[in-house]
Amino acid sequence: MAETKLPLGYRVVRSLFRATFRVLADVDARGLERVPMEGGALLAANHMTFLEGPLVFGLVARHPLTALAKQEFQGTLAGRVVDLVNPIYVARGEVDRKALKEMMQRLKEGAAIGIAPEGTRSKTGKLMEGKEGAAYLAFQTGAWVVPVAVWGQEQMLAQLKRFRRPKIHLRVGEPFRIESEPGKARGEILAAGTERIMHAIARMLPPEYRGAYADEVQGPPQW
């Protein structure tokens, strides 16, 4: 879908995010060309601050890109901005079947969705164990999984207070699918798929960010 055909609000918000990061930070983004431009796709990124969503939304040239948002945002000032990008609101702390159904429908229709496979924000900045939600969505819909690693954004506010532009890194890995395998139950496939997603993210991160996967994924960052 060409950007000129996208809703005005979507284009404004995306351009605002992109311009903000270009002005306030030194962003080193690599692998953006790996994002499939057609077909359902899950952009699975690590999650340590509120900035990963705007970073991916602003920098990844995939249209339209659906954002997931906390249900608490609905009806708030922040929610009015989020509404411009046609988000899917998700209730925290429970299995939100309505949101899950909406995600599956959009993926089957060829949408791209940004998702945090850890399920919540890491308070330490290090990777936590992945949940099976992303693998389940990919398995059920046949959507691409696109691993994304982002770091440096956790220092953004502190650096700006010192009148310094932070260095932010964004890496996009090779897309893959999670498919049926002969002789394997769905639970095994989802567990293996989740590990594959998290390992792909961990491999692109510096060792100090790998957290729960530091022992399983070693060596310098790869992309």
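This note sets out the overall form of a predicted model and then its aromatic contacts.

1. Composition and overall form. The protein contains seven helices and eight strands. Its radius of gyration is 17 Å, close to the 17 Å that the globule rule gives for 223 residues, so the protein is as compact as a globular protein of that length. Taken along the principal axes, the box filled by the C-alpha atoms is roughly 55 × 40 × 35 Å.

2. Burial and surface. Of the 223 residues, 45% count as buried. The protein exposes about 11,800 Å², and carbon and sulfur atoms supply 53% of that area.

3. Contacts along the chain. Among contacts between residues at least 6 apart in sequence, 70% join residues at least 24 apart. The aromatic pairs described next also link separate parts of the chain, namely helix α1 and helix α2.

4. The pair Y10 and F57. A pair of aromatic rings is described by the distance of the centres and the angle of the planes. The count of aromatic pairs in this model comes to two. In one of them, Y10 and F57 meet edge-to-face, with 5.0 Å from centre to centre and 65° between the planes. Y10 belongs to helix α1 (residues 8-24) and F57 to helix α2 (residues 52-59), and the two residues are 47 residues apart. Both Y10 and F57 are buried.

5. The pair F17 and F57. F17 and F57 also form an edge-to-face pair, at 5.9 Å centre to centre and with 80° between the planes. F17 lies in helix α1 and F57 in helix α2, so this pair ties together parts that are 40 residues apart in sequence.

6. Burial within the cluster. Ring pairs link Y10, F17 and F57 into a cluster. Which of F17 and F57 is buried, and which is partly exposed? F57 has a relative accessible area of 4%, and is buried because this value is under 20%. F17, with a relative accessible area of 23%, is partly exposed because its value lies between 20% and 50%.

7. Arginines over aromatic faces. Two further contacts place an arginine over a ring. R177 lies over the face of W144, at 3.9 Å from the ring centre. R196 lies over the face of F176, where the distance from the ring centre is 4.0 Å.

8. Points to inspect. A reader new to the model may begin with F57, which takes part in the pair with Y10 and in the pair with F17. The arginine contacts can then be viewed at W144 and at F176.

Note on methods
Residues numbered from 1 in each chain as written. Predicted model: local features only at pLDDT ≥ 70, side-chain atom pairs only at ≥ 80, totals over all residues. Heavy atoms only, no water. Phe/Tyr/Trp six-rings, centres within 6.5 Å; stacked < 30°, edge-to-face > 60°. Helix = DSSP H or I, 4+ residues; strand = E, 2+ residues; numbered from the N terminus. Buried < 20%, exposed > 50% of the residue type's maximum accessible area, 1.4 Å probe, protein only. Lys NZ or Arg CZ within 6 Å of the ring centre and 35° of its normal. Rg over C-alpha atoms; globule rule 2.2 N^0.38 Å. Contact = heavy atoms within 4.5 Å. Areas by Shrake-Rupley, 256 points an atom, 1.4 Å probe, with all protein chains shown as cover.
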